[in-house]
Amino acid sequence: MALKAVHVSDVPSLDHVPENAASLSLYSPSRFLKAGGLETGRSAFKAPKFLVIGHRGNGMNLLQSSDGRMKAIKENSILSFNAASNYPIDYVEFDVQVTGDGFPIIFHDNFILSEQNGMIYERRVTDLSLSEFLGYGPQREDGKVGRSLLRKTKDGRIVSWSVETDDSLCTLEEAFHKVNPRSGFNVELKFDDHVVYQEDQLVQVLQAILRVVFEHARDRPIIFSSFQPDAALLIRKLQSTYPVFFLTNAGTEIYYDVRRNSLEEAVKLCSEGGLQGIVSEVKGIFRNPGAVNKIKDSKLSLLTYGKLNNVPEAVYLQYLMGIEGVIVDVVEKITEAVSNLMRPSKEGAEEEEAAVVEEHNDQSLQHAKPEFSQKELSFLLKLIPELIQQ
């Protein structure tokens, strides 16, 4: 369905938002900048190094996958976030929605499914109260049994949400208090692609999330991101403390809203709306590598997500291209690869490698053929079969 365009110029700043939201302005952006080591503002979001971000924590759950890592730990859980923090990651990424009674919770799917007396019940997550939501799955209270959790696969099958190590559902506030403080949060603002949201609905949801963030974030680095164009524009309008990235499939899937269908549209949205960066499906970048320089010329940062980010060679290629970070599912594998491939082992090699990377970044991928060492070429050759399989 079409998404209603939001005129962000008509949205009040947080100093004028009702329901005690004015308290959000008490938190200083400078405190975040000093603690997180990141520069924010419309001009740029500059990461101190190549970022590795854990997708839904230690990785998403693919219950039908033959890869045991995809069903090792319940996604979007405190346990998964802390498991990821055992490795040298920079952020954990997770999906935030708001319950019907106004509490930000962490959950990916739009609907939650359960079985009772042989019947399958499906409810929209945002229609639930907080207590109803937390009543699904494992319970933190001893002796309390929660409702069963099922999941619908992309092909419509309903399967038991069974993982090797389970954990309770959680709220955004819990995450701030229980997740390793060294891990930054990539907060994806989750909305249903098939719902037309009115401006006041989006503002209400975003205000609820911002209240929790500003009250509990302290010095934890945070990035906001969303596939919903109007939500991304509004969260940038409502606050200037944390950077906002627009998520895009980069044309690998087509939507009614044209702003979601290409990297060119993503750049336009970010530039006009004052956003700091783009998170693109990695296949969209590999199909259109010339877009990397265009994004950088627009003073936007670029991160990627997608299955290919679980392939070390694909991650290394992005590093050479000047992409600033990747969202990954196999955290242990990719953090190890990043450490081995991108950190020089010999004294003095760091400056030499930085010079090489800078040279690659300065080249136009459209008009110049990059020159690679034999080591780099071997990685690219290994990458080609992986691309063909996708």
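Modeller: A helix here is a DSSP run of H or I with at least four residues, and helices are numbered from the N terminus. With that settled, let's go through this predicted model together.

Colleague: Happy to! Which residue follows H9, and where is its phi?

Modeller: Helix H9 covers residues 290–297, and its buried residues are Gly290, Ala291, Val292, Asn293 and Ile295. Beyond this helix comes Lys299, with a positive phi. The residue you want is Lys299, and its phi is near 60°.

Colleague: Before we go further, what pLDDT does the chain average?

Modeller: There are some weak stretches to keep in mind: over residues 1–43 the pLDDT stays under 50, although the model has 97 contacts there beyond four places in sequence. Residues 359–370 are also below 50, with 22 contacts beyond near neighbours in sequence. Still, 77% of the residues score at least 70, and the chain average is 84.

Colleague: Good to know. What share of the chain's residues count as buried?

Modeller: The chain holds 13 helices and 14 strands. Among contacts with a separation of 6 or more, 67% join residues 24 or more positions apart. Of the 390 residues, the buried share is 54%.

Colleague: How many residues of H10 are buried?

Modeller: H10 spans residues 312–321, and its buried residues include Glu313 and Gln318 as well as Val315 and Leu317. The helix is largely enclosed by the rest of the structure, because the buried count is 10 of the 10 residues.

Colleague: And which residue follows H10, with what sign of phi?

Modeller: The helix is followed by a glycine with phi near 95°. So that you have both parts, the sign is positive and the residue is Gly322.

Colleague: Are H10 and H11 parallel or oblique to each other?

Modeller: Their axes come within 10 Å and cross at roughly 50°, and the crossing is right-handed. Pro312, Val315, Tyr316 and Tyr319 of H10 meet Lys333, Ile334, Ala337, Val338, Leu341 and Met342 of H11. These residues divide into 9 nonpolar, no polar and 1 charged. The two helices are therefore oblique.

Colleague: At roughly what angle do H5 and H6 cross?

Modeller: H5 covers residues 199–216 and H6 residues 229–238, and their axes come within 10 Å. The crossing is right-handed. The angle that makes H5 oblique to H6 is roughly 55°.

Colleague: How do the residues of the contact of H5 with H6 divide into nonpolar, polar and charged?

Modeller: On H5, the contact uses Leu202, Val203, Leu206 and Leu210, while H6 brings Asp230, Ala231, Leu234, Ile235 and Leu238. That gives 8 nonpolar, no polar and 1 charged.

Colleague: One last stop: is Leu150 buried or exposed?

Modeller: Leu150 lies in strand E6, residues 150–152. Its C-alpha atom is separated by 4.9 Å from that of Trp161, 11 residues apart along the chain, and its contacts beyond four places in sequence include Leu113, Ile120, Ile158 and Val159. Buried means under 20% relative accessible area. Leu150 has 10%, so the word is buried.

Notes
Residues are numbered from 1 along each chain as its sequence is written. This is a predicted model: local features need pLDDT of at least 70, side-chain atom pairs count only at pLDDT 80 or more; totals for chains, interfaces and linings use all residues. Side-chain values use heavy atoms; hydrogens and water are left out. Axes are lines fitted to C-alpha atoms, for helices over the stretch in contact, and angles run from 0 to 180 degrees between N-to-C directions. Angles under 35 degrees count as roughly parallel, over 145 as roughly antiparallel, 65 to 115 as roughly perpendicular and the rest as oblique. A crossing is left-handed if the near helix is turned anticlockwise from the far one by less than a right angle, and right-handed if clockwise. Contact means heavy atoms within 4.5 Å. Ala, Val, Leu, Ile, Met, Phe, Trp, Tyr, Cys and Pro count as nonpolar, Asp, Glu, Lys and Arg as charged, and the others, Gly among them, as polar. pLDDT is the predictor's confidence in each residue, from 0 to 100. Buried means under 20% relative accessible area, exposed over 50%, partly exposed in between (1.4 Å probe, protein chains only).
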